[in-house]
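Hi,

Here is the structure I promised to pass on. Have a look at it first, and then read my notes underneath.

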Amino acid sequence: MATVRNRPGNRVLASIPAEEYRRLEAALEPVTLDFGDVIYEPGKSIRHVYFPLTCLISLLTAVDRKRTLEVGMVGNEGMAGMPFILGIGISGVRAIVQGAGDALRMPAAPFRIEFDRNPALKDALYRYTYALMAQISQTAACNRFHDGEERLARWLLMTRDRVGSD
């Protein structure tokens, strides 16, 4: 199967065969996300899924009414809106843009149709779900057992991996 290697930005999208990508591409909308944009709130409907190209999205969980904790981040390796692929249309976290940049987004309903009929996209997103779960687990362990300097180093390295820049 031929994949489109020259596709800009997102590794999930770059991993699917060209024919399947072309069908998906028709519904993808390029967007520029600004620092601080909130794309999901806990308990609210997921209206779009996002495939970051050059932006960075933090996944935050509420500790209490005033404090949140970053439990994961999404960059060009993945997709924001993962509950949606599991059949859950509501976000469990706050997703906020921590690094401004570009993304491709798709409305939830057409995405669900494409996800259900596109085995390559489904496989890529299931693999990414596994990687995101591992990231969240590692983040929890780091937040619990590492001091501030070690947590900062982890965050800087994860950020660098996703934005491709120092």
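Below is what I found, going from the sheet to the helices and then to the remaining strands.

One thing before you start: this is a predicted model.

**The three-stranded sheet**

Let's begin with the open sheet, which has three strands in the order β1-β7-β3, paired antiparallel. β1 (29-33) and β3 are the edge strands, each with a single partner, so one side of each has no neighbour in the sheet. Neighbouring strands here are turned by 40 degrees against each other on average, if you ignore direction.

If you want to check the register, β3 and β7 are antiparallel and share five bridges. Val49 is a handy place to start, as its bridge partner in β7 is Met106. On the β1 side, five bridges again make the antiparallel link to β7, and there Thr32 has Asp102 of β7 as its bridge partner.

**Helix α4, on the sheet**

Now turn to α4, which packs on this sheet and touches β3 and β7. The direction of α4 makes about 80 degrees with that of β7.

Which residues of α4 (108-117) are buried? They are Ala108, Phe111, Glu114 and Phe115. Looking down the axis of α4, you'll see these buried residues fall within an arc of 125 degrees, so they line one face of the helix. The face turned away from that buried side carries Ala109 and Ile113, both exposed.

As for what covers the buried residues of α4, the list includes β3 (48-52) and β7 (101-107), along with the helices α2 (18-25), α3 (82-85) and α5 (119-145).

**Helix α2 and Glu20**

α2 can be read in a similar way. Its buried residues are Ala18, Glu20, Tyr21 and Leu24. They cover an arc of only 160 degrees around the axis, which puts them on the same side of α2. Glu19 and Arg22 are exposed on the other side. The cover over the buried residues of α2 includes α1 (11-14), β7, α4 and α5.

The residue I'd zoom in on is Glu20, in helix α2. What is the nearest side chain of opposite charge to Glu20, and how far away is it? The answer is Arg23, at 5.2 Å. A salt bridge here would need a side-chain nitrogen within 4 Å of a carboxyl oxygen, and Glu20, although buried, has none.

So what does Glu20 touch, leaving aside its neighbours within four places in sequence? The contacts are Glu114 and Asn118. Glu114 is one of the buried residues of α4 listed above, and Glu20 is itself among the buried residues of α2.

**The strands around β6**

Last, some pairings that involve β6 (94-99). β2 (38-40) is joined to β6 by two bridges, and the two strands run antiparallel. In that pairing, Val38 stands opposite Ile96. β4 (56-62) also pairs with β6 in the antiparallel sense, over five bridges. To find your way along that pair, use Leu56, whose bridge partner in β6 is Gly99.

If you only have time for one view, I'd put Glu20 and Glu114 on screen together, as the two are in contact.

Cheers

How values were computed:
Residues are numbered from 1 along each chain as its sequence is written. This is a predicted model: local features need pLDDT of at least 70, side-chain atom pairs count only at pLDDT 80 or more; totals for chains, interfaces and linings use all residues. Side-chain values use heavy atoms; hydrogens and water are left out. Buried means under 20% relative accessible area, exposed over 50%, partly exposed in between (1.4 Å probe, protein chains only). Helices (H or I, at least four residues) and strands (E, at least two) are DSSP runs, numbered from the N terminus. The arc is that of the directions from the helix axis to the C-beta atoms. Contact means heavy atoms within 4.5 Å. Lys and Arg count as positive and Asp and Glu as negative; His and the chain ends are not counted. Two strands pair if DSSP finds at least two bridges between them. Axes are lines fitted to C-alpha atoms, for helices over the stretch in contact, and angles run from 0 to 180 degrees between N-to-C directions.
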